[in-house]
Amino acid sequence: MRDDLMVQQQIDGPWQHMVGVICLNQTGRKQVKDVLPKLLGICPTPVHYLNTLPETIKQIIQPLGMVNVREKRLRKMSQDFLTWDGEDATDLYGIGKYGSDSYRLFFKNELPEDVGDHELKRYVKEEFRIR
């Protein structure tokens with residue numbers, strides 16, 4: 001993954017976006033940019049993810065830390081995603097304000113009020129030329 005782009009700018013679709021959001025939780029972007037292509041290489045969709053053994057996922061995401069918690073969040077979010085209506089990202093397990101804000105920006109073309117994340121703020125300022 002390119003260092004000059006946000007993770008959200010380098011994935012394919014909302015489910016992969018949510019995977020990136022969960023992977024980014026309490027870890028650095030550099031580690032995620034190393035791990036995410038490997039994870040999405042074997043699990044490009046929620047169905048692939050759900051059909052992959054948790055132990056296989058844990059081996060891949062190990063560099064991100066919080067392996068058991070993170071795998072549980074990814075699995076539950078993937079289950080939710082299969083029946084999700086695509087409206088409110090916080091309806092998905094493990095997705096909070098950052099995930100919701102970034103989903104609204106990158107997939108719904110909406111500008112959320114009160115963006116809290118530093119990188120998202122920078123993106124909004126550059127992309128929308130907001131001071």
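User: How much area does the protein chain expose, and what share do carbon and sulfur atoms supply?
Analyst: This is a predicted model. In it, the protein chain exposes about 7,400 Å². Carbon and sulfur atoms supply 47% of that area.

User: And how many of the residues count as buried?
Analyst: The chain has 131 residues, and 44% of them count as buried.

User: What does the secondary structure come to?
Analyst: There are 7 helices and 0 strands. Read from the N terminus, the elements go α-α-α-α-α-α-α.

User: What about overall dimensions? What does the C-alpha trace span?
Analyst: Along its principal axes, the trace spans about 45 × 30 × 20 Å. The radius of gyration is 14 Å. A compact globule with 131 residues would have one near 14 Å, so the chain agrees with that.

User: What share of the contacts comes from residues 24 or more positions apart?
Analyst: They account for 48%, counting contacts in the chain with a separation of 6 or more.

User: Let's go to helix 1. Is it mostly covered or mostly open?
Analyst: Mostly covered. Helix 1 runs over residues 14-24, and 10 of its 11 residues are buried. Among them are Trp15, Met18, Val19, Ile22 and Cys23. Some polar names are on the list too, including Gln16 and His17.

User: Which helices do those buried residues pack against?
Analyst: They pack against helix 2 (29-42), helix 3 (46-50), helix 5 (67-81) and helix 6 (97-107).

User: What comes just after helix 1?
Analyst: Gln26 is there, with a positive phi of about 55°.

User: Now the core. Which residues touch the most other members of the largest nonpolar core?
Analyst: That core has 35 residues. Trp15, Met18, Val19, Leu39, Ile61, Met77 and Ile95 touch the most other members. Helices 1, 2, 4 (54-61), 5, 6 and 7 (118-128) each give two or more residues to this core. The largest share, 7 residues, comes from helix 1.

User: Why would such residues sit together?
Analyst: There is a general tendency here. In soluble globular proteins, nonpolar side chains tend to be buried together.

User: Pick Met77. What is it in contact with?
Analyst: Set aside neighbours within four places in sequence. Met77 is then in contact with Trp15, Met18, Val19, Ile22, Leu92, Tyr93 and Ile95. Of these, Trp15, Met18, Val19 and Ile22 are buried residues of helix 1.

User: And Ser78, is that buried or exposed?
Analyst: Buried, because its relative accessibility is 0%. Ser78 is in helix 5. Beyond residues up to four places away in sequence, Ser78 touches Trp15, Pro46, Tyr49 and Leu50.

User: What does Tyr49 touch?
Analyst: Not counting residues up to four places away, Tyr49 touches Trp15, Leu39, Cys43, Ile57, Glu71, Leu74, Arg75 and Ser78. Tyr49 is in helix 3. At 0% relative accessibility, Tyr49 also counts as buried.

User: How far apart are Tyr49 and Pro63?
Analyst: They are 14 residues apart in sequence. In space they are 18 Å apart, C-alpha to C-alpha.

User: There's another serine, Ser100. Where does it lie?
Analyst: Ser100 lies in helix 6. Ser100 counts as buried, at 13% relative accessibility. Past its neighbours within four places in sequence, Ser100 is in contact with Asp88, Ala89, Thr90 and Ile95.

User: Changing topic: how many disulfides does the structure hold?
Analyst: It holds 0 disulfides. Cys23 is in none, and the nearest cysteine sulfur, that of Cys43, is 11 Å away.

User: Why is there no bond between Cys43 and Cys23?
Analyst: Because 11 Å between the sulfurs is too far for a bond. A disulfide needs the sulfur atoms within 2.5 Å. Cys23 is buried, with a relative accessible area of 1%. Cys43 is buried as well, at 0%.

User: Last thing, aromatics. How many aromatic pairs are there?
Analyst: There are 5. Phe81 and Trp84 form a tilted one. Their rings are 5.5 Å apart centre to centre, with 45° between the planes.

User: Are Phe81 and Trp84 buried or exposed?
Analyst: Phe81 counts as buried at 18% relative accessibility. Trp84 counts as buried at 15%. The cut-off for buried is under 20%.

User: Which residues form the aromatic cluster?
Analyst: Phe81, Trp84, Tyr103 and Phe107 form one cluster.

Technical notes. Residues are numbered from 1 along each chain as its sequence is written. This is a predicted model: local features need pLDDT of at least 70, side-chain atom pairs count only at pLDDT 80 or more; totals for chains, interfaces and linings use all residues. Side-chain values use heavy atoms; hydrogens and water are left out. Buried means under 20% relative accessible area, exposed over 50%, partly exposed in between (1.4 Å probe, protein chains only). Rings of Phe, Tyr and Trp (its six-membered ring) pair if their centres lie within 6.5 Å; planes under 30 degrees apart count as stacked, over 60 as edge-to-face and the rest as tilted. Helices (H or I, at least four residues) and strands (E, at least two) are DSSP runs, numbered from the N terminus. The radius of gyration is taken over C-alpha atoms; the globule rule is 2.2 Å times the number of residues to the power 0.38. Contact means heavy atoms within 4.5 Å. Accessible areas come from the Shrake-Rupley method with a 1.4 Å probe; for residues, only the protein chains shown count as cover. A nonpolar core is a set of buried Ala, Val, Leu, Ile, Met, Phe, Trp, Tyr and Cys residues joined through side-chain atoms within 4.5 Å.
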